[in-house]
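Me: Can you walk me through how the domains in this one sit against each other? Here it is.

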Amino acid sequence: MNQLSDRINNLSTSATLAMAAKARELRAEGKDIIGLSLGEPDFNTPDFIKDAAIEAINQNYNSYTPVDGYVDLKEAIINKFKRDNNLSYTLPQIVVSTGAKQSLANIASVMLNAGDEVILPCPYWVSYSDIVKLSDGVPVEVQTSIDNDFKMTAEQLEAAITPKTKMIWYSSPCNPSGSVYSKEELRALADVLKKHPNIYVVSDEIYEHINFKGGHFSMAEFDDMYDRTITVNGVSKAFAMTGWRIGYVGAPDWIARACNKIQGQVTSGANCIAQRAVIKALEADPSSIKYMVDEFKERRQLILKLLGEIEGFKTNEPEGAFYVFPNISSYFGKTIKGKTINNATDFSLFILEEALVATVTGEAFGNKDCIRISYAASQDEIIEAIKRIKTALS
Ligand SMILES: Cc1ncc(COP(=O)(O)O)c(C=O)c1O
């Protein structure tokens, strides 16, 4: 008999991790799988950050840290917010966590009561809806269109708001679409929120530095949004530090204190060595990671060109992150190699089995017509992967 809670029974398994597991299984059977499913830079963590970690170990950093992070790390975060985002925070407004994912889970726990609605412009990052559900919140999906670069308009936001709306969560640059909201587009959303003073915003800026057009803008930069916005960020993507597990928020202090309180009961502070190393990462000039961003930009051009040569792929031009999110719905209803493709999940599985390329179905991101392809892979792998996909579909 299933003795597990409804909470866990109703939780989905992360589709990106599930796809990675399936790809691993096929690899173990000896199949030569090209993995384009994971959201993880394929670079090493820069040496100056690794050196800081080694030094911290040798200096015997081994005790529990303050629950909300070392004070000098929080100061480095405050300086980073000022330097990169023109945002002023004080120490009590900053909470360091075990990855931005924990920051988001903290926010859901401290902000949501059962039945509170959270607006998620689709496509959204795979974990948003399940993190919201874990806190008994109700995800409200707003479908955007590839013709509007997968961005939610002010009219769509207005139409989605109900008396139960508590929050809006979005990422910019967006995982999975790569879209970046401009200052004007965010202002239009903020103008709608003016009429709804009890709605809070999570601005997930973890891909901030992987932005090919420049001009990152934070919702909290608007004076009238500062007290209603929780800015989430971390080092996983920009500094190739996914396994180090450090994320953080800048938030109104009552929200930050609540995150601190819950973290104190659930995980305590984040890993001490990683925290010491992240101080160095955040103190460094963002130009220190330009070589990775430049490489991602080249790969984006390459993959867009190659996908453009496959019939039936409709792709927007991502402005940031390291994903493309092509619409492949023109294949629905077709049977290829004896396999019928009825939806994006069928398509992604077909590509895995027939082209030996791992991608992720758009359904995991709240979009039924697209798949996500990560280009955090070498140019040779990208060329080979797209060649295989083209051959499998032809
Ligand atoms: C949009 C977005 N937010 C948050 C995260 C989580 O990042 P972290 O590794 O800091 O937990 C990811 C990771 O894929 C992401 O894509």
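Reply: This is a predicted model. The centres of domain 1 and domain 2, taken over C-alpha atoms, are 26 Å apart.

Me: Which residues belong to domain 1 and which to domain 2?

Reply: Domain 1 is made of two segments, 6-44 and 289-393. Domain 2 covers 47-285.

Me: How many residues are in contact across the two?

Reply: 38 residues of domain 1 are in contact with 34 residues of domain 2.

Me: And what area is buried there?

Reply: About 3,000 Å² is buried between domain 1 and domain 2. Carbon and sulfur atoms give 59% of that area.

Me: Which three residues of domain 1 supply more than any other three?

Reply: I289, E319 and F365, with 22% of the area that domain 1 buries against domain 2.

Me: Switching to polar stuff. How many salt bridges are there between the domains?

Reply: There are 2 salt bridges between domain 1 and domain 2. E319 also forms a salt bridge with K213 through their side chains, at 3.5 Å from N to O. As for polar contacts, 13 residue pairs make them between the two domains.

Me: Which elements of domain 1 give two or more residues to that side?

Reply: α2 (15-28), α11 (290-308) and β9 (323-324). Of these, α11 gives the most, with 5 residues.

Me: What's the split by residue type on that side?

Reply: The side of domain 1 that touches domain 2 has 18 nonpolar, 12 polar and 8 charged residues.

Definitions and conventions. Residues are numbered from 1 along each chain as its sequence is written. This is a predicted model: local features need pLDDT of at least 70, side-chain atom pairs count only at pLDDT 80 or more; totals for chains, interfaces and linings use all residues. Side-chain values use heavy atoms; hydrogens and water are left out. Domain bounds come from an automatic or database domain assignment. Contact means heavy atoms within 4.5 Å. Buried area is the accessible area (1.4 Å probe) that two parts lose on being put together, summed over both. A salt bridge is a side-chain nitrogen of Lys or Arg within 4 Å of a carboxyl oxygen of Asp or Glu. A polar contact is a pair of N or O atoms within 3.5 Å; within protein, one must be able to donate a hydrogen and the other to accept it, and residues adjacent in sequence count only if both atoms are side-chain atoms. Helices (H or I, at least four residues) and strands (E, at least two) are DSSP runs, numbered from the N terminus. Ala, Val, Leu, Ile, Met, Phe, Trp, Tyr, Cys and Pro count as nonpolar, Asp, Glu, Lys and Arg as charged, and the others, Gly among them, as polar.
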